[in-house]
Amino acid sequence: MAFKIAGSMAFKKGVMDCKPTLLEPVMLLNVVIPSESMGDVIGDLNSKRGKVLGVEADDDSQNIRAHVPMASLLNYAPELRALTGGRGEFEMEFDHYDDVPEHIASKIIEEAQSKKENKE
Amino acid sequence: MKSYSAEWIRNVGLIGHGGSGKTSTAEAILYIAGVSDRLGKIGDNSSIMDFDPDEVKRGNSTNASLATFEFEKHKINLIDTPGTNNFVGDTVGCIRVVDGAVVVIGAETGVQFYTEKTWKWANDQGIPRIIFLNKMDSEEAQITSILDVVRKKFSVKPVLMDLPVGKGAEFKGIVDLVEQKYFEYEKDGKGIGKPTDIPANLADEVETTRMELVEAVAEADDVLIEHYLETGELTEEEFLGGLRQGISTGRLVPVLLGSALHNIGIDRLMDAMVQYFPSPDKRSAQLATTLNGEDTTEVATNVEGPFTAQVFKTIADPYAGKLTLFRVFSGKLTGDSSVYNVNQETSERVGQLMSLQGKKQIQLPEVVAGDIACVAKLKVTGTGDSLGPDAKDAVKFDDIPFPKAVLARGMVPKTRADEEKISNALHRLCEEDPTIKVERDPQTHELIVSGMGAVHLDVILERLKRRFGVEVDVKPPKVPYLETIRKSTKVQGKYKKQTGGRGQYGDCWLEIGPIAKGEGFQFENKIVGGSIPRGYVPAVEKGVHEAMAGGVLAHFPMVDIRVAVYDGSYHDVDSS
């Protein structure tokens with residue numbers, strides 16, 4: 001019991017010196033849209049911190065593959081419908097974890113801490 | 001209702017964009033067929049097809065509905081589908097089991113995005129199509145511009161079968177280009193057109209449009225075109241044969257006109273369903289897999305073969321319980337028997353066989369190859385499952401290509417009682433609707449329900465409440481953040497409590513550092529010389545592990561960290 005507490009204390013103390021970093025889930029997003037919506041959809045992906053991996057044209061539709069943080073995609077179904085007049089379709093799956101950029105991480109940390117204080 | 005053999009059956013789906021009038025068209029059809037004694041209106045309780053409280057409240061379809069009726073010696077199984085992304089599962093299921101689809105397009109709005117989507121699904125499954133241009137009574141009604149869009153977007157040849165008589169509110173009838181007769185309708189009447197002479201001022205237009213029609217049909221077939229070029233005409237038989245063939249190959253799409261709301265042109269649409277759409281036995285064989293999972297087999301519509309069927313829809317009926325709707329692809333099924341469910345690998349008792357007219361049930365003595373029917377109270381059978389006679393002769397049909405859920409929400413039951421009921425309730429809803437996905441996030445432990453859109457999720461919530469008495473709070477799903485570290489350090493942790501009696505003493509030195517992404521957690525014992533006895537090391541590891549569950553930044557789990565314990569001290573009595 002005492003060694004468990006000692007181990008836990010040591011770890012919590014030590015981690016503070018190890019540059020703790022927040023990670024977020026990043027999705028692999030596959031969007032199929034009519035060509036005329038291309039500009040709007042790419043612009044939106046950029047504003048969502050997405051990284052476009054590739055675009056393939058097929059007849060008059062475009063297939064975009066991108067890495068996008070999950071946090072930006074929680075409402076993507078209605079958003080994409082609005083951007084494409086209902087014609088856009090997408091699928092996504094978890095791809096990897098990545099560092100959360102500093103300015104966004106600080107907001108998430110602040111939120112988590114205020115939640116914790118509210119609980120206490 | 002008596003049993004019909006396949007050649008006398010038509011399975012027809014109504015598909016298209018929301019608001020184009022699919023359900024109104026179905027209501028008018030059922031009125032003409034004598035199923036209803038007045039024309040049902042959407043958004044009140046008079047509608048046969050939109051009977052679900054969700055649909056009455058919203059004024060649009062949230063479910064596919066089946067209505068079976070007899071018309072001109074045929075039995076027609078009519079499936080009305082919802083016109084939105086949110087309830088796409090029912091449309092995809094319907095397209096699997098029909099042999100013809102009426103694509104309803106509002107003449108005032110033209111082709112809309114959901115028209116395009118449903119068209120594509122029907123095209124992918126090789127389902128013959130007829131276009132019904134509804135709302136010809138609208139002042140904004142268009143024909144030519146819509147057909148141009150159809151031609152361009154869908155790469156098919158739409159052929160106009162009708163010409164309208166009267167524009168906007170004056171729309172009162174249709175010139176049938178095939179029969180070369182004018183059918184005049186009583187507005188909001190019984191829906192039966194009265195044949196009269198073609199108005200003189202339309203004679204020229206009728207002539208040219210009819211030529212286009214005959215030419216288009218002739219072009220669909222090499223033999224026909226030869227004959228047509230020789231004689232300049234087609235016999236009635238040749239014309240109908242060519243048209244049917246053009247439709248079944250998807251090259252020709254007949255376009256009919258009408259107004260469902262005022263019951264104009266609907267009787268002719270019904271004729272077209274019987275005349276133009278193939279009967280189930282004319283449909284090409286369905287692909288299936290044998291039960292060993294290795295061999296592909298083709299199932300033709302043959303009543304002599306073993307019974308095979310696929311479930312395309314499950315309805316929760318407040319009185320009858322669960323209703324399972326299926327299409328029989330071969331063989332036949334009689335009531336009070338049993339079937340083998342291929343997907344669930346178990347047999348099910350089958351009671352009374354029925355068909356439906358909206359929510360009304362009609363008893364059937366048997367269901368033969370090509371027909372659509374339903375049965376109540378199957379225990380484990382869900383939408384998409386294949387049914388067979390027994391484990392020996394059953395086959396598995398290809399899965400119905402239901403799209404994946406796209407919108408996820410976290411659900412928190414409001415009370416303890418809700419919590420106990422929710423998983424059973426969601427399980428039942430998933431059985432009915434394969435576009436609902438339920439999972440528990442392994443990290444945040446949140447219950448995540450996903451669906452096809454915000455309206456779909458709203459309907460799920462309403463069903464949870466109305467049918468199962470379960471209330472939940474809904475919010476966007478929690479993002480499962482993690483924490484890690486980027487640098488290494490060495491640190492001491494010392495826990496000492498020695499104030500009389502049995503004390504506590506533990507002291508360790510740890511090396512903490514990052515490891516490669518995805519490696520999780522590694523722990524190493526590097527103690528030399530017994531500065532901590534071996535028996536205490538697992539406790540150190542456990543302490544570290546517990547600390548990692550809630551990181552220092554925002555209390556998210558920590559990953560990709562290596563910890564080694566390399567030194568420390570202990571007390572003979574107080575350490576544990």
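Okay, let's start with a word we'll need: a cavity, here, is a set of grid points where a 1.4 Å probe fits but cannot get out. With that in mind, and remembering that this is a predicted model, how many cavities of 30 Å³ or more does a search of the whole structure find? Just 1. That cavity holds about 30 Å³ of space. Its lining is made by B:Pro280, B:Arg283, B:Ser284, B:Ala285, B:Gln286, B:Val299, B:Ala300, B:Thr301, B:Arg327 and B:Phe329. Sort those by class and you get 5 nonpolar, 3 polar and 2 charged.

Let me put chain B on the map. The domain assignment splits chain B into domain 1, which is 8-198 + 252-282, then domain 2 at 286-397, domain 3 at 407-475 and domain 4 at 489-569. If you take the centres over C-alpha atoms, domain 2 and domain 4 of chain B are 60 Å apart.

Now, pockets. The largest pocket has about 1500 Å³ of space in it. It's lined by 41 residues, and the closest to its centre come from both chains: A:Val32, A:Arg87 and A:Glu89, plus B:Lys117 and B:Lys120. Which elements give two or more residues to that lining? On chain A, they're strand S1 (20-34), helix H3 (76-84) and strand S4 (89-99); on chain B, they're H3, H4 and helix H5 (144-154). H4(B) gives the most, with 8 residues. By class, the lining of this pocket has 18 nonpolar, 8 polar and 15 charged residues.

Since H4(B) has come up, let's look at how it sits against H3(B). Helix H3 of chain B is residues 88-97 and helix H4 of chain B is residues 113-124; their axes come within 10 Å and cross at roughly 35°. Is that crossing left-handed or right-handed? Right-handed. If you want to click on the contact, H3(B) brings B:Val88, B:Thr91, B:Val92 and B:Ile95, and H4(B) meets them with B:Tyr114, B:Thr118, B:Trp121 and B:Ala122. That contact has 6 nonpolar and 2 polar residues, and no charged ones.

On to the second largest pocket, with about 1100 Å³ of space. It has 36 lining residues, and those nearest its centre are A:Ala112, A:Lys115, B:Ala554, B:His555 and B:Phe556. The elements giving two or more residues here are helix H1 (2-15) and helix H4 (102-119) of chain A, together with helix H12 (537-548) of chain B. This time H4(A) gives the most, with 10 residues. The class split is 17 nonpolar, 7 polar and 12 charged. And where does this pocket lie in terms of the chain B domains? Domain 3 (407-475) and domain 4 (489-569) of chain B both give residues to its lining, so it lies between them.

Last bit, some backbone oddities. Most residues other than glycine have a negative phi. A:Lys19 isn't a glycine, yet its phi is positive, about 50°. You'll find A:Lys19 in the loop between H1 and S1 of chain A. Over on chain B, B:Asp560 has a positive phi too, about 60°, and again is not a glycine. B:Asp560 is in the loop between H12 and strand S33 (561-569) of chain B.

That's my tour, thanks.

Conventions
Residues numbered from 1 in each chain as written. Chains lettered and ligands numbered in written order. Predicted model: local features only at pLDDT ≥ 70, side-chain atom pairs only at ≥ 80, totals over all residues. Heavy atoms only, no water. Axes fitted to C-alpha atoms, helices over the stretch in contact; angles between N-to-C directions. Helix = DSSP H or I, 4+ residues; strand = E, 2+ residues; numbered from the N terminus. Left-handed = near helix turned anticlockwise from the far one by under 90°. Contact = heavy atoms within 4.5 Å. Nonpolar A, V, L, I, M, F, W, Y, C, P; charged D, E, K, R; others polar. Domains from an automatic or database assignment. 1 Å grid on protein atoms, 1.4 Å probe; cavity = no way out; pocket = protein on both sides within 12 Å on 5 of 7 lines; lining within 4 Å. Points joined across faces, edges and corners; volume = space filled by probe spheres on them.
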